[in-house]
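Let's take a walk through this one together. Have a look at the fold first, and then we'll go through it piece by piece.

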Amino acid sequence: MTKILVVLSRQVNAACVRMKNVEVPMKKNSDSQTRRDFVRSATVPLVGAMLFGASTSVASAKGSQAQFKYQSKPNGSKKCSACKFFVKGKTATANGSCTLVDGSISPNGWCIAYQAKTS
Ligand code: SF4
């Protein structure tokens with residue numbers, strides 16, 4: 001009886017060792033594969049959308065003219081054409097735009113965000 005138990009024990013041990021070394025293929029569960037595929041396929045567009053969204057929100061993060069207390073006339077010698085945020089219009093006297101303030105901006109305008117050009 002003892003001899004039989006020893007033989008059985010060895011066979012069980014051998015079977016366990018064999019099972020340890022066998023690679024069991026992952027079950028192709030359609031749900032988990034769908035979820036995995038979804039995560040893979042959604043990750044890159046999601047990251048891209050996040051980056052693109054972040055860059056567009058920064059680009060369009062202008063404030064209103066009212067928020068910046070924009071006026072269409074200079075504040076002493078300070079005016080938009082001398083401000084580093086001013087984007088020229090088609091001509092020197094034409095309205096342009098501003099990187100901070102929304103809307104059409106007069107080169108003779110001014111707002112509280114004025115910063116003189118350094119160059
Ligand atoms: S920040 Fe203000 S002062 Fe400067 S260009 Fe824009 S609107 Fe004009």
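What is the mean pLDDT of the protein chain, and what share of its residues reach 70 or more? This is a predicted model, and the mean comes to 71, with 50% of the residues at 70 or more. Two stretches deserve a flag right away. Residues 4-9 have a pLDDT below 50, and beyond near neighbours in sequence they make zero contacts in the model. The story repeats over residues 38-58, where the pLDDT is below 50 and there are zero contacts beyond near neighbours in sequence. Where pLDDT is low, the predicted coordinates should not be read in detail. Keep that in mind when you look at α2, which is drawn over residues 30-59.

Now for the overall layout. The protein chain has two helices and two strands, and going along the sequence they follow the pattern α-α-β-β. The strands are β1 at residues 86-87 and β2 at residues 97-98. Of the 119 residues in the protein chain, 11% count as buried. Among the contacts with a separation of 6 or more, 66% link residues 24 or more positions apart.

So what sits in the middle? Which residues make up the largest nonpolar core? There are eleven of them: Tyr-70, Cys-80, Cys-83, Phe-86, Cys-98, Leu-100, Val-101, Ile-105, Trp-110, Cys-111 and Tyr-114. Some of these names come back when you turn to the ligand. There are 15 residues around the ligand, and Cys-80, Cys-83, Phe-86, Cys-98 and Cys-111 come nearest. As for the character of that shell, 14 of its residues are nonpolar and one is polar, with no charged residue.

Phe-86 is a handy place to start, as it belongs to the core and is also one of the residues that come nearest to the ligand. Leaving out residues up to four places away in sequence, Phe-86 touches Cys-80, Ser-81, Gly-96, Cys-98, Ile-105 and Pro-107.

Next, slide along to the segment after β2, where you'll find Trp-110 and Cys-111. Trp-110 counts as buried because it has 23 C-beta neighbours inside 10 Å. Apart from neighbours within four places in sequence, its contacts are Gln-71, Pro-74, Asn-75, Lys-78, Lys-79 and Cys-80. Trp-110 and Ser-81 are 29 residues apart in sequence, yet their C-alpha atoms are 8.9 Å apart.

Is Cys-111 buried or exposed? Cys-111 is buried, because 22 C-beta neighbours lie inside 10 Å and the cut-off is 20 or more. Setting aside residues up to four places away in sequence, Cys-111 touches Phe-68, Lys-69, Tyr-70 and Val-101. Lys-78 is 33 residues from Cys-111 in sequence, and 9.1 Å from it in space, C-alpha to C-alpha.

Two residues in the loop between α2 and β1 are worth a stop. One is Gln-65, which is 46 residues from Cys-111 in sequence but 8.0 Å from it in space, C-alpha to C-alpha. Gln-65 counts as partly exposed because it has 18 other C-beta atoms within 10 Å. Beyond its neighbours within four places in sequence, Gln-65 is in contact with Tyr-70, Val-101, Asp-102 and Gly-103.

The other is Lys-69, and its backbone may catch your eye. Most residues other than glycine have a negative phi. Lys-69 is not a glycine, but its phi is positive, at about 50°. Lys-69 is exposed, because it has 12 other C-beta atoms within 10 Å and the cut-off is 12 or fewer.

Last stop: the loop between β1 and β2, home of Gly-89. With 16 C-beta neighbours inside 10 Å, Gly-89 counts as partly exposed. Not counting residues up to four places away in sequence, Gly-89 touches Ala-94, Asn-95 and Gly-96. Gly-96 is also among the contacts of Phe-86. Finally, Gly-89 and Ser-106 are 17 residues apart in sequence and 8.8 Å apart in space, C-alpha to C-alpha.

Technical notes:
Residues numbered from 1 in each chain as written. Predicted model: local features only at pLDDT ≥ 70, side-chain atom pairs only at ≥ 80, totals over all residues. Core = buried A, V, L, I, M, F, W, Y, C linked by C-beta atoms within 7 Å. Contact = placed C-beta atoms within 7 Å. Near = placed C-beta within 6 Å. Nonpolar A, V, L, I, M, F, W, Y, C, P; charged D, E, K, R; others polar. Helix = DSSP H or I, 4+ residues; strand = E, 2+ residues; numbered from the N terminus. pLDDT = per-residue confidence, 0-100.
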